[in-house]
Amino acid sequence: MKTPVTIRLVHPCDAGSLYRLIEQSRGQLERWLPSLRAITTLNATRQFINRYVTAWRCGNGAGYVIQVNGQVVGMLTLENMTATAADVGYWLENTAWGNGYVIAALQQLFPRVRQAGLTRLQLITAADNLRSQRVAQHTGFTLRQQLVGGVRGKTKMLLYERRLR
């Protein structure tokens, strides 16, 4: 039997759990998500969460915690959300990698964003982040183009897209 994975909107009460996860996995996560470098305190984690709570209220984004057996193991995020599209991102604590949790979480996200009227999701990953590329491929995203971004425009990135019908 597979481990039950659920997603729910992030809440300020998740700050302690998310902060601990980020601290435990900081070395691995920051390689792919340099923005997490700014989350160095519990208060910074609260601000990070409040950004997604506000985005949800304004209709331009959302943050979801990923839970396994009721325990928070990571996040899914929607950013740059318009009436029809959004950028999706995700991260897990490193001990949860390789178990299909993000794939299961994304599969739960798709009907929610469809119901909200979105017809397209984009996912951008580093060209050398093979795990993230496999998640994109397993969840129906199609590689659309290579980009150059990141620090001083030297990081090769891949843009994936999924149409939601």
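Three exercises on a predicted model follow, each with a worked solution.

Residues are numbered from 1 along each chain as its sequence is written. Local features need pLDDT of at least 70 and side-chain atom pairs pLDDT 80 or more, while totals for chains, interfaces and linings use all residues, and side-chain values use heavy atoms, without hydrogens and water.

**Exercise 1.** Determine what span is expected for helix 2, and compare it with the distance between its end C-alpha atoms.

*Solution.* Helices are DSSP runs of H or I with at least four residues, and strands are runs of E with at least two, numbered from the N terminus. The expected span is 1.5 Å times one less than the number of residues. Helix 2 (residues 42–58) has 17 residues and should therefore span 24 Å. The end C-alpha atoms are 24 Å apart, in agreement. Glycine 59, with a positive phi near 80 degrees, follows helix 2.

**Exercise 2.** Identify which salt bridge links glutamate 79 to another residue, and state the separation.

*Solution.* A salt bridge places a side-chain nitrogen of Lys or Arg within 4 Å of a carboxyl oxygen of Asp or Glu. The partner of glutamate 79 is arginine 51, with the closest N and O atoms 2.9 Å apart. Glutamate 79 belongs to strand 3 and arginine 51 to helix 2, 28 residues apart.

**Exercise 3.** Classify glutamate 161 as buried or exposed, and find its partners in strands 5 and 6.

*Solution.* Buried means under 20% relative accessible area, exposed over 50%, and partly exposed in between (1.4 Å probe, protein chains only). At 11%, glutamate 161 is buried. Arginine 144 meets glutamate 161 in a salt bridge at 3.2 Å, N to O. Arginine 144 lies in strand 6 and glutamate 161 in strand 7, so this pair joins parts 17 residues apart in sequence. Arginine 120 also forms a salt bridge with glutamate 161, at 3.5 Å between the closest N and O atoms. Arginine 120 lies in strand 5, so that pair ties together parts 41 residues apart in sequence.
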